[in-house]
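Please look through the structure below with care, and keep it in view while you read the paragraphs that follow.

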Amino acid sequence: MAGGNELSMKALKEVWKRAENSLCADCGKPDPDWASSTLGVFICLSCSGIHRNIPSISKVKSLKMDYWDDAQVQFLAKHGNAVTKAIYEAHIPIYYYQPTYNDCQVLREQWIRAKYERKEFTEPGRQLPYSDGLKEGILWKRGRDNGQFLPRKFLLSEREGCLKYFTKQDAKEPKINVKIDVINATFQPEKIGNPNGLQITYLKDNKTRNIFVYHESGKEVVDWFNAIRSVQFHYLKVAFPIASDNEIKNRLTRNFLKEGYMEKTGPKHREAFKKRWFTLDHRRLMYFKDPLDAFAKGEVFVGSGENGYSVQKGLPSGTQGNFSWHYGITIVTPDREYLFTCETETDQLEWIRAFTSVINQAMTPQEYAIEAYFKFKS
């Protein structure tokens, strides 16, 4: 810590080591070593970069390298993460997604701006742009056949319990009309190639369909994301009246557990292994020829260990299919074995960890119904 008198540095260290300040106030990352001298919060390096973009609200300094005068240290001591959170996070809607350090830039930036710049959560009952159960606007949607992003009108309605999109502004009939309870939304900036890229996934005839969209405004695309969560939350409150708010919150939009390329072979284990893009959405392992495909080429249900599912490192001896990657994975189900290969050992171990986390969880009644569908289909 450079500069400052000894007493000031000692006082700063005392405030810094309080338990409440051991995690970043905005994303929860451990051991933050930056702070805002105007807000009084301790934050990580990544979040400090976002704070720098709102200089009228937040002035950030390094706790290790910058000089802190006595008045600034006293301000930190009077505030800190707990006091400041009590002010700026006093009335966060239960459905609002609070990002962590693992989330993408646009989610973290809009969370920080919503708190400190727009002060969306400081007053009870405040009308928010994603909270009234109806949202209509333009999103740029990727064409299924040509891959071009074109503007499309989207309509989200809590009253109707659905999300629609229209190919033309004045179209009377939507291209799709999807029930809100079969929708998932997750940010995919790298896959889509846009920092505000959002993947909307839904089930149609128990098959997964993907829509890829973005908006030029980070605020607008995050508002869409939280509007979907808001409508889902109120829909599920009616559908499951005895469920707690936290139980319902856990059923809203979710990030995929793991995505990436693997090779797979067919059920006879004699066919050549083919490279596919895989997405693990809890118990549904989907594979695509291309990451931006609208429909999966196939799906594998991953059940629980107590129901005969397991994951093993490597391939069965005598596997005959030709493969170019040599880090194998075998998923064992009650009906057959699925064989995959990964390009690196790191990929292999990450996939195994993801599969294991799912297999170790007990199945819900709804998941038993999905398993029955997969068995019937096969």
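**A walk through the model**

Lys119 counts as partly exposed, because its relative accessibility is 40%, where buried means under 20% relative accessible area, exposed over 50%, and partly exposed in between, as found with a 1.4 Å probe and with protein chains only. Lys119 has its place in the loop between α5 (105-117) and β4 (134-142), and its phi is near 50°, a positive value in a residue other than glycine. The helices named here (H or I, at least four residues) and the strands (E, at least two) are DSSP runs, numbered from the N terminus.

Before going further, note that this is a predicted model, in which local features need pLDDT of at least 70 and side-chain atom pairs count only at pLDDT 80 or more, while totals for chains, interfaces and linings use all residues. Residues are numbered from 1 along each chain as its sequence is written, and side-chain values use heavy atoms, with hydrogens and water left out.

Now consider the protein as a whole. There are ten helices and 17 strands in it, and its C-alpha atoms fill a box of roughly 75 × 55 × 45 Å, taken along the principal axes. Of its 378 residues, 49% count as buried. If contact means heavy atoms within 4.5 Å, then among the contacts between residues at least 6 apart in sequence, 53% join residues at least 24 apart.

How are the strands β4 to β10 ordered in their sheet? Seven strands form an open sheet in the order β7-β6-β5-β4-β10-β9-β8, and the pairing is antiparallel, where two strands pair if DSSP finds at least two bridges between them. β7 and β8 (183-187) stand at the edges, each with a single partner strand, so one side of each is left without a neighbour in the sheet. From one strand to the next, the twist averages 35°, an angle based on axes that are lines fitted to C-alpha atoms (for helices over the stretch in contact), with angles running from 0 to 180 degrees between N-to-C directions.

Within this sheet, strand β6 (residues 162-166) repays a slower look. Five of its five residues are buried, and the strand is mostly covered. In a regular strand the side chains alternate between the two faces of the sheet. In β6, Cys162, Lys164 and Phe166 point one way while Leu163 and Tyr165 point the other way, and all are buried.

β6 has partners on either hand in the strand order. Strand β5 (residues 149-157) is joined to β6 by five bridges, and the two run antiparallel; here Lys153 stands opposite Phe166. The hairpin of β5 and β6 has four residues between the strands, and in this hairpin Gly161 takes a positive phi near 65°. With strand β7 (residues 176-179), β6 shares four bridges, again in an antiparallel run. Two of the facing pairs can be named: Lys164 has Asn177 as its bridge partner in β7, and Cys162 stands opposite Lys179.

A second open sheet holds three strands in the order β2-β1-β3, with antiparallel pairing. Its edges are β2 (42-43) and β3 (60-62), each of which has a single partner strand, so one side of each is left without a neighbour in the sheet. Strand β1 (residues 34-36) is joined to β3 by three bridges, and Ala35 has Lys61 as its bridge partner in β3.

Farther along the chain lies strand β11 (residues 258-264), which is largely enclosed by the rest of the structure, because six of its seven residues are buried. Seven bridges join β11 to strand β12 (residues 274-281) in an antiparallel run, and Gly260 has Phe278 as its bridge partner in β12. β11 also pairs with strand β17 (residues 337-342) in the antiparallel sense, over two bridges, and Lys264 stands opposite Phe340 there.

Two residues outside these strands close the tour. His282, placed in the loop between β12 and β13 (284-288), has a positive phi of about 55° although it is not a glycine, and with a relative accessible area of 24% His282 is partly exposed. Pro189 lies in helix α6 (residues 189-192) and counts as partly exposed, at 22% relative accessibility. When residues up to four places away in sequence are not counted, Pro189 touches Cys104, Asn194, Pro195 and Gly197, and its C-alpha atom is separated by 9.0 Å from that of Tyr214, a residue 25 places away along the chain.
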